[in-house]
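Here are a few exercises to work through with the model open beside you. Try each task before you read its solution.

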Amino acid sequence: MITAREVRLKSRLVGMPSADNFELITVSVPDPAPGEVQVQNLWMTVDPYMRGRMADRAIYSPSSRPGKEVSARAIGEIAASNSTMYGWRPGFKVGEVLEGGAIGQVAASDDPRFKPGDLVSSWFGWREWFNAPAASLQKLATFGLPPQAFLGVAGMPGLTAWVGLLKIAVPKPGDVVFVSAASGAVGSVACQIAKLKGHTVIGSAGGAAKCAFVKDIGVDHVIDYKVRADLTSALLQAAPMGIDVYFENVGGEHLEAALAAANRFARFAICGMISQYNSTELPSGPRNIMFVMGKSLRLEGFDIANYLDLMPEFQKEMSTWIHESKVTWRETIDHGIENAPTAFLKLFKGENFGKMLVKLR
């Protein structure tokens, strides 16, 4: 019997998250049952999308009726009955351990597919140790990369950038690409892939250090949105001939600026809108949404869960780029399971630089 700690959701989030929404609990982890594997987590990730799963509503509703809000309980019931159809996960339940991406090491196994010492990826983050059915784990092939890279540049954030840019926006030769949150885990990879493909890239980031990093990874024009009062003017100055692709991570003023600067038939890959995740009121815009019609724009939102089958292809290509020194990345690392809530809060205060990770061992 092992004693370990885990983080549970103590209360629903309303507005900006706080430490009071979480609690650290000590539990006992027994020996693995038949068909189970016991894992000690080494790394876990915190990501902005988790914010939506902590509220008492769905950000991404499965309802076919536009505007219908579905409760967390209803989502859980739907997902439980047909989890294959819906590529998202249900809301977290108050009082239960949170979950998210993690990299761990097998300590004991009652399944022949895994042996002690194997590295595995799972959705059983926010805990130090766990037992799980073998089918819920994936043996990790590292391609010579650090294990934690598979929670960032070579994992779901990297896949999100790769899919959003190459499968959703599909840049054409000569296109100008604009990426918001360009220093982040997703945005920085999207910028580098766009440069690899020969495009002119404009990136926005907040603060001198983050903007310097964006410039260092090859972005042609960098906008510091914290010092430019008029983001639309700044983007039009950086792209006097307009933009053809927008990789959306922020929403709000960034989306309005992209709509204003967009050329006819521009494509927008809508990945996220972090500026609105903690809002308690509906946004007032974008005020210039009519440009979608006037410029014949295509705005396509995507959920990376619908593209997980592309992960092997992506990881093979990304690992090659990394070994060829064509892609780099930044990480912000907090240590200890007790600091996981703090790491999560940093995402919404702009205190992380690149991928936000928690090292558990």
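Contact here means heavy atoms within 4.5 Å. The model is predicted, so local features need pLDDT of at least 70, side-chain atom pairs count only at pLDDT 80 or more, and totals for chains, interfaces and linings use all residues. Residues are numbered from 1 along each chain as its sequence is written, and side-chain values use heavy atoms, with hydrogens and water left out.

**Exercise 1. List the residues that Phe247 touches, not counting residues up to four places away in sequence.**

Step 1: Start with Thr160, Ala161, Gly164 and Leu165, which are among the residues touched by Phe247.
Step 2: Add Phe178, Val179, Ser180, Val186 and Ala190.
Step 3: Finish with Ala269, Cys271 and Phe302.

**Exercise 2. Find which members of the largest nonpolar core touch the most other members.**

Step 1: Recall that a nonpolar core is a set of buried Ala, Val, Leu, Ile, Met, Phe, Trp, Tyr and Cys residues joined through side-chain atoms within 4.5 Å. Buried means under 20% relative accessible area, exposed over 50%, and partly exposed in between (1.4 Å probe, protein chains only).
Step 2: Among the 48 residues of this core, Val153, Leu159, Trp162, Val163, Phe247 and Met318 touch the most other members.
Step 3: Look at the elements, where helices (H or I, at least four residues) and strands (E, at least two) are DSSP runs numbered from the N terminus. Those supplying at least two core residues each include helix H3 (156–169), strand S11 (243–248) and helix H9 (311–323).
Step 4: H3 gives the largest share, seven residues.
Step 5: Another core, of 23 residues, lies apart from this one and has Met44, Met50, Ala343 and Leu345 among its members.

**Exercise 3. Describe the backbone and setting of Phe143 and Ala181.**

Step 1: Phe143 is not a glycine, yet its phi is positive, about 55°. Ala181 also has a positive phi, near 50°.
Step 2: Phe143 sits in the loop between strand S7 (138–139) and H3, while Ala181 is in the loop between S8 and H4.
Step 3: Phe143 is partly exposed because its relative accessibility is 36%. Ala181 is partly exposed too, because its relative accessible area is 28%.

**Exercise 4. Place Leu236 and name its contacts beyond four places in sequence.**

Step 1: Leu236 belongs to helix H6 (residues 231–238).
Step 2: With 39% relative accessibility, Leu236 counts as partly exposed.
Step 3: Outside its neighbours within four places, Leu236 contacts Ala260 and Ala261.
Step 4: Ala257 is 21 residues away along the chain, and its C-alpha atom is 8.2 Å from that of Leu236.
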